[in-house]
Each structure stands twice: as C-alpha cells, then as structure tokens.
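Okay, thanks everyone, I'll keep this short. Have a look at the model on the screen and then I'll walk you through it.

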Amino acid sequence: MLDRLGLPYGAFDFVVTEGEWRFLEVNPGGQYGFIEQATELPITAAICDYLEGTGQ
C-alpha cells in the first residue's frame, strides 16, 4: 500500500473487535512512540535510516 501511495513511511490504523480487523487509515505522520517505549526497539532510528537511504 505504501508503494501504491508513494509513501516511504506510514502508520496503519486498525480497530479490532471480536476478532475482526477493520482498516481505518494509513497516516504518513502516525504515532508509534508508545510501541517503541514498550518494546525498547529502536523504531525511530530504523525509520530515520530508511528515509536517509542507509537502511537495509
């Protein structure tokens, strides 16, 4: 979807109710900090590397 929209990054928003996933939107400036904090994964650094063209 990101390729089709021409976006290098996007945060996908879903609602899950009773096991059913519903797509809401893809946000080119979406928030992910809470995931980075909870998992202690370097998400911001990985996105920056990718956008700078140095990511794998």
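Let me start with the rings: there are four aromatic pairs in this structure. One of them joins Tyr9 and Tyr32, an edge-to-face arrangement with 6.2 Å centre to centre and 70° between the planes. Just so we're clear, this is a predicted model.

So where do those two tyrosines sit? Tyr9 is in the loop between α1 and β1, and Tyr32 is in the loop between β2 and α2 (33-39), so this pair ties together parts that are 23 residues apart in sequence. And is Tyr9 buried or exposed? Its relative accessibility is 19%, and the cut-off for buried is under 20%, so Tyr9 counts as buried.

Next pair: Phe14 and Trp21. Their ring centres are 5.4 Å apart and the planes make an angle of 70°, so this pair is edge-to-face. Phe14 comes out as partly exposed, at 40% relative accessibility, while Trp21 is exposed, with a relative accessible area of 59%. Phe14 and Trp21 also belong to one aromatic cluster, together with Phe12 and Phe23.

Okay, on to the strands. Strand β1 covers residues 11-17 and strand β2 covers residues 20-27, and they pair in the antiparallel sense over seven bridges. If you want to follow the register on screen, put Ala11 opposite Asn27 in β2. The two strands make a hairpin, with two residues between them. Keep an eye on Glu18 in that turn, which has a positive phi of about 50°.

As a reminder, in a regular strand the side chains alternate between the two faces of the sheet. Keep that in the back of your mind for the surface.

So, the surface. Which residues form the nonpolar patch? They are Met1, Leu5, Phe12, Phe14, Val16, Trp21 and Phe23, with about 730 Å² of accessible area together. The elements giving two or more residues to this patch are β1 and β2. β1 gives the most, with three residues. Met1 comes from outside the hairpin: look for it in the segment before α1 (2-5). Met1 is exposed, too, with a relative accessible area of 53%.

Now charges. How many salt bridges does a search of the whole structure find? Just one. The partners are the side chains of Glu20 and Arg22, at 2.7 Å, N to O. Glu20 is partly exposed, at 39% relative accessibility, and Arg22 is exposed at 52%.

Last stop is Pro28, which lies in the loop between β2 and α2. Pro28 counts as exposed, with 53% relative accessibility. What does Pro28 touch, leaving aside its neighbours within four places in sequence? The answer is Leu7, Tyr9 and Gly10. For Leu7, the C-alpha atoms of the two residues are separated by 7.1 Å, although they are 21 residues apart along the chain. And notice that Tyr9 turns up again here: Tyr9 is in contact with Pro28 and forms the edge-to-face pair with Tyr32.

So, to recap: we have a hairpin of β1 and β2, a nonpolar patch to which β1 gives the most residues, and one salt bridge. Then there are the links to the loop between β2 and α2, among them the Tyr9 and Tyr32 pair. That's all from me.

Technical notes:
Residues are numbered from 1 along each chain as its sequence is written. This is a predicted model: local features need pLDDT of at least 70, side-chain atom pairs count only at pLDDT 80 or more; totals for chains, interfaces and linings use all residues. Side-chain values use heavy atoms; hydrogens and water are left out. A salt bridge is a side-chain nitrogen of Lys or Arg within 4 Å of a carboxyl oxygen of Asp or Glu. Buried means under 20% relative accessible area, exposed over 50%, partly exposed in between (1.4 Å probe, protein chains only). Two strands pair if DSSP finds at least two bridges between them. Helices (H or I, at least four residues) and strands (E, at least two) are DSSP runs, numbered from the N terminus. Patches are made of residues with over 30% relative accessible area and no salt bridge: like charges are joined within 9 Å, nonpolar side chains (Val, Leu, Ile, Met, Phe, Trp, Tyr) within 5 Å. Accessible areas come from the Shrake-Rupley method with a 1.4 Å probe; for residues, only the protein chains shown count as cover. Rings of Phe, Tyr and Trp (its six-membered ring) pair if their centres lie within 6.5 Å; planes under 30 degrees apart count as stacked, over 60 as edge-to-face and the rest as tilted. Contact means heavy atoms within 4.5 Å.
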